[in-house]
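This report describes a protein chain, with attention to selected residues, a helix pair and the nonpolar cores. The sequence and structure come first, followed by the description.

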Amino acid sequence: MSVGPGAESVPAGEHLPVTERVEVRSLAPAPGRDPALRALADRSREAGGQVGSGIGSLAATRGRLAEVLGLLPRPRIAEPAERLVEWTRDGVDGVELRWSTGFGAPSSAWLLRPAGETGALPGVLALHDHGGFTRVGREKLADGPDGVPNTPTVSREELQAFRDRYYGGRAVASDLARDGFAVLVHDAFGWGSRRTPDEAIADRFHRSVDLQLAGRRAESIRDGAAAAEVTPGQRSELLTAANEPQLAKELGVLGTSLAGLVLRDDLIALDHLTAATGVRADAVGCFGLSGGGARAVLLAAMDDRIRAAGVVAMMSTFAGVLDGHADQHSWSFLSPGLSRVGDWPALAALRPELSLLVQYAERDELFGPAGMHDAHTILTERYRAGGRPGAYTGTFHDEPHRWSVAMQAELRAWLTAALA
């Protein structure tokens, strides 16, 4: 593995050495398939334009980011979140919380602490992924009163299989709580308690999904295999995926965006975390895998209360994504107009005083190696220019798009040091 001319091979999981300035390719989009888009990218390069070159002052960039995402005002917390259920299990004290975001269904959340600990602790906002798995949010990251949750729409076995695939089988928020943190994990707009009900999705999408499933069954039978069975839950996820572009259109007409509404929900959750009893408001961080990593970048960029952010298997230049990977990403990641504010690594480095850990998965199916390495170079140089080169840590791991147990242990240790 190497990064640019002269870079040395680095074992997986170790920090990349930066011994010289590494040449970064143009950040103009380099679409790999559509001739018209490639021509547009060429024109951008000829004009000297670069995606995200307009990053300016913190206040100005935040204003532009809020405008591009259509970030709506959020309600002030007039009273603490409603406390529903409390429990102690496997070394963790938990409480289920619920609060209004001002529209739609209330957001459900779990606040976790080490069992029996009553003192003030560093607080962490655990941000769930996208994952094409929207029937649950907080349950991906944390165990509830009965261990691995068993919800009305997702069985314990299905949820554990998802954790096995992407989280090394672990409930990462619960593990972090046992390490001495107050951890809040909530459902963001579009997931779990904040999910769009199937019955609210247009009939044409129901028909389209049913035709798609009928085609799959016919194909399997033609190939001599048993007809593939699809559970109601799997059909529901296909329906949500088919509806996401339509949802993005409608939100755009309303002056906001999917990423903007998710960010608003995350800011409201941060309000509740910092207001909670027993949380050190001066030592608050956030982290997330994949789409949760994108949420961590935007949240840290927009709010100084975040002192440390962990980004897992989600960092690339836009050029690296647009060159053959855009079809694998959601509207919450490739939000229209975002590149006019800044490329992802530029947004992540917007606050050079922020302690930032980015864990790159070298075999990530969703990001090309060039885009990840270029992002690491940009982050390294921006933190160096900001006068705090040691505040950014980038580690590379021989993993696909997942968060291994070893990577989790690295982030927990890093958070402990960053929020000490």
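In this predicted model, the side chains of Thr88 and Asp93 form a polar contact at 2.6 Å. Thr88 belongs to strand 1, residues 82–89. Asp93 is one of two residues that Thr88 touches once residues up to four places away in sequence are set aside; the other is Ala115. With a relative accessible area of 58%, Thr88 is exposed, because the cut-off for that class is over 50%. The C-alpha atoms of Thr88 and Pro114 lie 9.2 Å apart, and the two residues are 26 apart in sequence.

Gly102 sits in the loop between strand 2 (92–99) and strand 3 (107–114). Gly102 is exposed as well, at a relative accessible area of 60%. Its C-alpha atom is 9.8 Å from that of Pro73, a residue 29 places apart from Gly102 in sequence.

**The chain as a whole**

The protein has 420 residues, of which 53% count as buried. There are 12 helices and nine strands. Of the contacts between residues at least 6 apart in sequence, 73% join residues at least 24 apart.

**Accessibility of selected residues**

The table lists five residues with their place in the chain and their relative accessible area.

| Residue | Place | Relative accessible area |
|---|---|---|
| Thr88 | strand 1 (82–89) | 58%, exposed |
| Ser290 | loop between strand 6 (279–289) and helix 8 (291–302) | 14%, buried |
| Ala313 | loop between strand 7 (306–312) and helix 9 (318–322) | 2%, buried |
| Pro352 | loop between helix 10 (344–348) and strand 8 (355–361) | 24%, partly exposed |
| Gln408 | helix 12 (405–418) | 2%, buried |

**Two loop residues with positive phi**

Ser290 has a phi near 60°, a positive value in a residue other than glycine. Ser290 is found in the loop between strand 6 and helix 8. Ala313 also is not a glycine, and its phi is positive at about 50°. The loop that holds Ala313 runs between strand 7 and helix 9. Ser290 is buried, because 14% falls below the 20% limit. Ala313, at 2%, is buried too.

**Helix 7 against helix 8**

The axes of helix 7 (residues 258–275) and helix 8 come within 10 Å and cross at roughly 65°. The crossing is right-handed. On the helix 7 side, the residues that meet helix 8 are Val262, Leu263, Asp266, Leu267 and Leu270; on the helix 8 side they are Arg295, Leu298, Leu299 and Met302. By class, this contact has seven nonpolar, no polar and two charged residues.

**The nonpolar cores**

In soluble globular proteins, nonpolar side chains tend to be buried together. What does the largest nonpolar core contain, and which residues have the most contacts inside it? The core has 61 residues, and Met315, Trp344 and Leu379 have the most contacts within it. Helix 8 gives this core its largest share, eight residues. Apart from this core lies another, of 37 residues, including Leu141, Leu159, Val172 and Trp414.

Leu379 touches Met315, Pro345, Ala348, Ala349, Leu356, Val358, Tyr360 and Tyr392, leaving out residues up to four places away in sequence. Met315, one of these, is also among the residues with the most contacts inside the largest core.

**Pro352**

Pro352 lies in the loop between helix 10 and strand 8. At 24% relative accessibility it counts as partly exposed, because this value is neither under 20% nor over 50%. Beyond its neighbours within four places in sequence, Pro352 is in contact with Tyr383, Gly386, Arg388 and Ala391. The C-alpha atoms of Pro352 and Ala385 are separated by 8.6 Å, and these residues are 33 apart along the chain.

**Gln408**

Is Gln408 buried or exposed? Gln408 counts as buried at 2% relative accessibility, and its place is in helix 12. A polar atom of its side chain lies 2.8 Å from the backbone oxygen of Tyr167. The backbone oxygen of Trp403 lies 3.0 Å from a polar atom of the Gln408 side chain. With neighbours within four places in sequence left aside, Gln408 is in contact with Tyr167, Gly168, Arg170, Val172, Asp175 and Trp403. Val172, one of these, is also named among the residues of the 37-residue core.

Terms used: Residues are numbered from 1 along each chain as its sequence is written. This is a predicted model: local features need pLDDT of at least 70, side-chain atom pairs count only at pLDDT 80 or more; totals for chains, interfaces and linings use all residues. Side-chain values use heavy atoms; hydrogens and water are left out. Helices (H or I, at least four residues) and strands (E, at least two) are DSSP runs, numbered from the N terminus. Buried means under 20% relative accessible area, exposed over 50%, partly exposed in between (1.4 Å probe, protein chains only). Axes are lines fitted to C-alpha atoms, for helices over the stretch in contact, and angles run from 0 to 180 degrees between N-to-C directions. A crossing is left-handed if the near helix is turned anticlockwise from the far one by less than a right angle, and right-handed if clockwise. Contact means heavy atoms within 4.5 Å. Ala, Val, Leu, Ile, Met, Phe, Trp, Tyr, Cys and Pro count as nonpolar, Asp, Glu, Lys and Arg as charged, and the others, Gly among them, as polar. A nonpolar core is a set of buried Ala, Val, Leu, Ile, Met, Phe, Trp, Tyr and Cys residues joined through side-chain atoms within 4.5 Å. A polar contact is a pair of N or O atoms within 3.5 Å; within protein, one must be able to donate a hydrogen and the other to accept it, and residues adjacent in sequence count only if both atoms are side-chain atoms.
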